[in-house]
Amino acid sequence: MKHQATPYLTFNGEAEEALDYYTHVFQGEVTGSQTFGEADFETPPGLDNRIMHAHFQKGSFSFMVSDSFLDQSVNAGNNISLALELEDKTEIQTLYDRLSEKGTILMELQDTFWNATFAKVKDKYGIIWDLNYTHE
């Protein structure tokens, strides 16, 4: 793995408001942000202005943020996941297989429009893992 696990916070349409709040609280900055409307795929009505992905940074403290899709419910327990940036396709496949063996696949391992292989898996303890391998 390239980095430590990074917290990934998910909101019901309040991601932009939450980023403003955390920027004030922690005195950090949003180092990157993209809405669903700015993405390279067609989005359902109502998603265009929601945050698809954003990154907050204050020194070595960081986390990522997203709004949910319209058909997904965000509640305490599924509103945070741990994101791992992995070294290669072998590593992502191995972790995906191990986590999903007794867990639940939330998003199949697949190539994405952001030039990465990605999967989302809830392990047998209910912890959600975002696995990402960025293609070179």
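Start by selecting Phe 26, which sits in helix H1. The model on screen is a predicted one. Phe 26 has a relative accessible area of 34%. Buried means under 20% and exposed means over 50%, so Phe 26 counts as partly exposed.

**Stop 1: around helix H1**

Keep Phe 26 selected and add Tyr 21, Val 25 and Phe 61. Together these four form a nonpolar patch on the surface. Their accessible area comes to about 370 Å². Which element gives the most to the nonpolar patch? H1 does, with three residues.

Now change the selection to Tyr 21, Tyr 22, Phe 26, Phe 56, Phe 61 and Phe 63. These residues make up one aromatic cluster. Phe 26 belongs to this cluster, and Phe 26 is also part of the nonpolar patch. Tyr 21 and Phe 61 likewise appear in the cluster and in the patch.

Next, pick Glu 14, Glu 16, Glu 17 and Asp 20. Here the surface patch is negative. Glu 16, one of its members, lies in helix H1, which runs over residues 15–26.

**Stop 2: the loop after H1**

Select Gln 27. Gln 27 is in the loop between H1 and strand S2 (29–35). Check its backbone: phi is positive, about 55°, although Gln 27 is not a glycine. Is Gln 27 buried or exposed? Its relative accessibility is 52%, and the cut-off for exposed is over 50%, so Gln 27 counts as exposed.

**Stop 3: Gly 37 and Asp 48**

Go on to Gly 37, in the loop between S2 and strand S3 (51–58). Gly 37 counts as partly exposed, at 43% relative accessibility. Now add Asp 48 and draw a distance between the two C-alpha atoms. How far apart are Gly 37 and Asp 48 in space? They are 3.8 Å apart, C-alpha to C-alpha. In sequence, eleven residues separate the positions of Gly 37 and Asp 48.

**Stop 4: from H2 to S6**

Side chains of opposite charge can pair when their charged atoms come close. By the rule used here, the count is two salt bridges. Visit both.

Select Lys 89 and Asp 111 for one of them. The closest N and O atoms are 3.9 Å apart. This pair links distant parts of the chain, 22 residues apart. Lys 89 is in helix H2 (residues 89–101), while Asp 111 is in strand S6 (residues 104–111). Lys 89 is partly exposed, at 46% relative accessibility. Asp 111 is partly exposed too, at 49%.

Stay on strand S6 and pick Met 107. Its relative accessible area is 26%, so Met 107 counts as partly exposed. For a second distance, add Thr 90. Met 107 and Thr 90 are 17 residues apart in sequence. In space, their C-alpha atoms are 18 Å apart.

**Stop 5: the second salt bridge**

Select Asp 130 and Lys 120, whose side chains meet in a salt bridge. The N to O distance is 2.6 Å. Asp 130 lies in strand S8 (residues 128–134) and Lys 120 in strand S7 (residues 116–122), so the pair ties together parts that are ten residues apart in sequence.

Which partner is buried? Asp 130 is, at 4% relative accessibility. Lys 120 is partly exposed, with a relative accessible area of 23%; the cut-off for buried is under 20%.

**Stop 6: rings and the loop before S7**

How many aromatic pairs does a search of the whole structure find? The search finds ten. One of them joins Phe 113 and Trp 114. Show both rings. The pair is edge-to-face, with 90° between the planes. Centre to centre, the rings are 5.3 Å apart. Phe 113 counts as partly exposed, at 36% relative accessibility. Trp 114 is partly exposed as well, with a relative accessible area of 38%.

Finish at Asn 115, in the loop between S6 and S7. Asn 115 has a positive phi of about 65°, although Asn 115 is not a glycine. Gln 27, from the earlier stop, also has a positive phi. Asn 115 counts as partly exposed, at 41% relative accessibility.

Technical notes. Residues are numbered from 1 along each chain as its sequence is written. This is a predicted model: local features need pLDDT of at least 70, side-chain atom pairs count only at pLDDT 80 or more; totals for chains, interfaces and linings use all residues. Side-chain values use heavy atoms; hydrogens and water are left out. Patches are made of residues with over 30% relative accessible area and no salt bridge: like charges are joined within 9 Å, nonpolar side chains (Val, Leu, Ile, Met, Phe, Trp, Tyr) within 5 Å. Accessible areas come from the Shrake-Rupley method with a 1.4 Å probe; for residues, only the protein chains shown count as cover. Lys and Arg count as positive and Asp and Glu as negative; His and the chain ends are not counted. The place of a charge is taken as NZ of Lys, CZ of Arg, CG of Asp or CD of Glu. Helices (H or I, at least four residues) and strands (E, at least two) are DSSP runs, numbered from the N terminus. Buried means under 20% relative accessible area, exposed over 50%, partly exposed in between (1.4 Å probe, protein chains only). Rings of Phe, Tyr and Trp (its six-membered ring) pair if their centres lie within 6.5 Å; planes under 30 degrees apart count as stacked, over 60 as edge-to-face and the rest as tilted.
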